[in-house]
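Reader: I am new to this structure and would like to begin with one part of it instead of the whole. Could you take me slowly through the sheet in chain A, and then show me what lies around it?

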Amino acid sequence: MTTAEIEITPKIIKEHGLKPDEYDRICTILGRKPNLTELGVYSVMWSEHCGYKHSRALLKTLPTKGPTVLQGPGENAGIMDIGEGWAVAFKVESHNHPSAIEPYQGAATGVGGILRDIFTMGSRPIASLNSLRFGPLTDPKVKRLFTGVVRGIADYGNCMGIPTVAGEVLFDESYSENCLVNAMSVGLVRHEQIIRGRATGVNNPVIYIGATTGRDGIHGATFASAEITDESTEKRSAVQVADPFMEKLLMEATLELIHGELLVGIQDMGAAGLTCSTCEMASRGGAGIEIDVAKVPKREKGMTPYEILLSESQERMLLVAKPGCEQKVHDILAKWDLHAATIGFVTDTGRMVVKENGKVVVDVPAESLTEAPVYHPAKSEPAILKKHREFDESTVPVAPDHQAVLMKLLVDPTLASKRWVYHQYDHMVRSNTLIRPGSDAAVIRVKGTKLGLAMTIDGIGSYCALDPYEGAKIVVAESARNIACSGAQPIGMTDCLNFGSPEKPEVFYYLDRAIAGIGDACRAFNIPITGGNVSLYNENPTGPIDPSPIVGMMGLFQDVETRVTQWFKNDGDQVYLLGEIGNTIGGSRYLQVIHGKKTGACPRLDLKVELALHKVLIQAAGQKLLQSAHDCSDGGFAIALAECCFTGATHEAKAKGVKSSLPGKGRVDGRLFGETQSRAIVSCKPSDAEKLESLAKQLGVPFEKLGVVGGDKLIIGDAIDVPVSTAGDLFFTAIEKMMS
Amino acid sequence: MRFSVTVFPGSNCDHDCEWVIKDVMGQDVEMVWHKETDLRKPDCVVVPGGFSYGDYLRTGAIARFSPVMKSVDEFAKKGGLVIGICNGFQILCEAGLLPGALIRNKSLQFSCRNVYNLVERTDTPFTGACQKGQVLKLPIAHGEGSYFIDSEGMKKLKANNQVVVRYCDETGQVTPGSNPNGSLENIAGICNEKRNVFGLMPHPDRSGEDMIGSHDGQYIWKSIIKSFAGAAR
């Protein structure tokens, strides 16, 4: 029996993840019943992953415009102007579910997918970042996942020759059965070389390039294979297999094609494979596309049109060549020993037509595939949020030995150095990495100019679980603060929203409030969002993951010589706290690690106060007043100050001691380890102290003179007095010890 | 002076080599695709790092059979200067231009960081601008950089003074703790008997400027340029 002859039953519709009214809608669009292949095509394009059914209405509220935004959401990646004819393309994407099943391949293909998004726009990838979430690292299963994910990211990026320059890792029960792997990539492109995923020009050839198409990664929501054809009885795999070498060749060939001005448009085949690239390119170009799947290079025999259209085999691209350029395209692909096949052409019908040896197997309006239904799910505030808000901090005893607390927090794998991770990533290749992993933000130079790019990716512990609105604001604020600490101006961001099932009103409440928080913060900081990704249905058997919005932030230096790192430089430098010390412990790592409580009101964030802090940091860096600047966040003031002492080791700088006061009033643990927002620890030469103070005064940012860099001990008031080398050893070796 | 950098499918430090030779050291550079056999009259050939042919089979194992490597082999046998960096070192070993082999790091992990290297021999065209005992800060970035050779081979290496650089600590002490990958006797780089072919795992191509972490790689390039200038006279 062929796929066209299979009768569509309610069971088949359900197995495709389509609701009865969605099926009715398809019938209305087509004016007839879809065949099985068409049903498959709609099901992937109308899935949450491709269609954003539950999140699209909320995403529309986010600010996406700005004078330097060259490309906002809706393309393979966002692009922003950075001056001198250069632009930066960047985007973050999730690969959570594949990584939970097969950590190595899942993470590797996640990196491959986001890199393709970047070079598809004509930009050469210059850096990668990633944000990872796992269950507790004491769990052997988590160690296996962590090892596999890191190795998968490393092997892919290293082989591609693209430095992995920054990231973050957090360990928490909430991710035990559902790890998160969010990968971000950044590329550079000349304005005139930007290209988009559009199909235009009737009869222009549609060309398939790259790896062959196999049965890997066919939509998990499809049938058991026996029901589709008699021949294809193999069990299908939902996880794709990575081939970074193939992707490296594909990248070089693609950039050569684009820079040779041979193409009208190009799009990678990621989620939903050939289906997605075909209908999206047609839809964006306001055109139609006709292809014949018999011409697609295949790695297996007997593949049905259904399988070919839904395969998620990696390292493939679809392009539309300019008239008369088809042969040149084939020549370049031959140079790189890559497959290229002209599989169809552009039409003016607005339809996506797929044939198999001339026989029509799919004929649907292309645009209808890219316009999935939009839902406005029910939401209700979870009762637990009130409990968190009303948690009485005074019931938590002050841990008596502050120094012991510091030691314990330094080896908490969430706070400890991620050296074990980033030493596995080639973070120096292409010789542009000026600030390597281990400071608040990575900094990459733009060769041939004075320009520099600062970049960071951040989520934040449990704040969003305690207060999704305030927490999401903090995620944006912290990542912008990291950029500002490096001395760069935040210019734009990309986000990945990792949440549970949107069909649960309590989960949708989190999503709704988090997006509101992100939007408010971005508007206050004037930071547009140029694209991103939504990953829903992240669930453990015990319930959803903690709501986890992840933000990738891009910063720009007009003169990269003004960059600042987080560690102390010289004995005798003055140390300041910019911002208020505070004493709240709600939502802190201290409360969680030392007292075993993931609760409390998460810290408040005043967007105006935060913005003023960024201004001081950026202006002070621009005037070269700062010797160091470090965001004071997870683990609180004491951890941040300790990091200022010893993290220079990441750049072969000598550790430095400090003798600091403990400012503020109220509970000592709150002042040492609380996570009050809008703070940074900076140091400057004594001769610049006056200028720095007057700048802070002028911009209305409170500051506290903490003390002086020097000696070989970390001293904080009379609470902490510890050799820097002891603290540093704990911090750097904690994860290595747990993994050996 | 004219350098030719070989480019294999999967090379990825070819850009780093091009940048440091042309923009930092101010020399001429040609990029030679692996399918070509004309090296374009170089004074020195650079076999760069990366993952040539995806490291399939074994690092460097396939690259040695490419057309360009035949030309490199002939060039080296005529006494031409050849430097292989990282994957390039692996390729030169596979091609038989250098003795020994690079095997998986002892940690079984890829490792990327700056390490210190003791210049043991300055009587090579690649280290002539260094002081004997000088410590160079150079980055490594490899998963298979542990140098191995059988005991007979090691004897020969030593007898001919072919061990050029060894991993060391910041002060120049060659210690087990400063060995990043388990290389025999901390070996980071060696030359052939005739001293015109040099391979090393650390990257002088990624350490030409302080702003990217170190300028010590310049000493290697300066040495090559100096030896060429000397030979020309």
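Author: What follows starts with the sheet of chain A, goes on to the helices that lie against it, and ends with chain B and its contact with chain A.

Please keep in mind that this is a predicted model. The part you ask about is an open sheet of six strands in chain A, and if you read across it the order is β1-β2-β3-β6-β4-β5, with mixed pairing. At the edges stand β1 (69-71) and β5 (164-171) of chain A, and because each has a single partner strand, one side of each is left without a neighbour in the sheet. Neighbouring strands are turned against each other by 20 degrees on average, direction ignored.

One pairing can be followed in more detail, namely that of strand β4 (residues 124-134) of chain A with β5(A): the two run parallel and are joined by seven bridges. Within this pairing, Phe134(A) has Phe171(A) in β5(A) as its bridge partner.

Two helices of chain A can now be added to the picture. Helix α8 (residues 140-160) of chain A packs on the sheet, where it touches β4, β5 and β6 of chain A, and its direction makes about 175 degrees with that of β4(A). Helix α7 (residues 103-119) of chain A, for its part, lies across β3 (86-94), β4 and β6 (180-190) of chain A, and runs at about 25 degrees to β6(A).

Beyond the sheet there is the contact between the chains, to which chain A gives 22 residues and chain B gives 23. On the side of chain B that touches chain A, the elements that give two or more residues are α1 (14-24), β6 (111-119) and β7 (135-142) of chain B, and β6(B) gives the most, with four residues. Sorted by class, this side of chain B has 10 nonpolar, nine polar and four charged residues.

As for chain B itself, its secondary structure comes to five helices and 11 strands. Its radius of gyration is 16 Å, close to the 17 Å that the globule rule gives for 233 residues, so chain B is as compact as a globular protein of that length. The C-alpha trace of chain B spans about 45 × 40 × 35 Å along its principal axes, and buried residues make up 57% of the 233 residues in this chain. Finally, among the contacts in chain B between residues at least 6 apart in sequence, 75% join residues at least 24 apart.

Notes. Residues are numbered from 1 along each chain as its sequence is written. Chains are lettered from A and ligands numbered from 1 in the order in which they are written. This is a predicted model: local features need pLDDT of at least 70, side-chain atom pairs count only at pLDDT 80 or more; totals for chains, interfaces and linings use all residues. Two strands pair if DSSP finds at least two bridges between them. Axes are lines fitted to C-alpha atoms, for helices over the stretch in contact, and angles run from 0 to 180 degrees between N-to-C directions. Two residues are in contact if their C-beta atoms, placed from the backbone, lie within 7 Å. Ala, Val, Leu, Ile, Met, Phe, Trp, Tyr, Cys and Pro count as nonpolar, Asp, Glu, Lys and Arg as charged, and the others, Gly among them, as polar. The radius of gyration is taken over C-alpha atoms; the globule rule is 2.2 Å times the number of residues to the power 0.38. A residue is buried if 20 or more other C-beta atoms lie within 10 Å of its own, exposed if 12 or fewer, and partly exposed in between; C-beta atoms are placed from the backbone.
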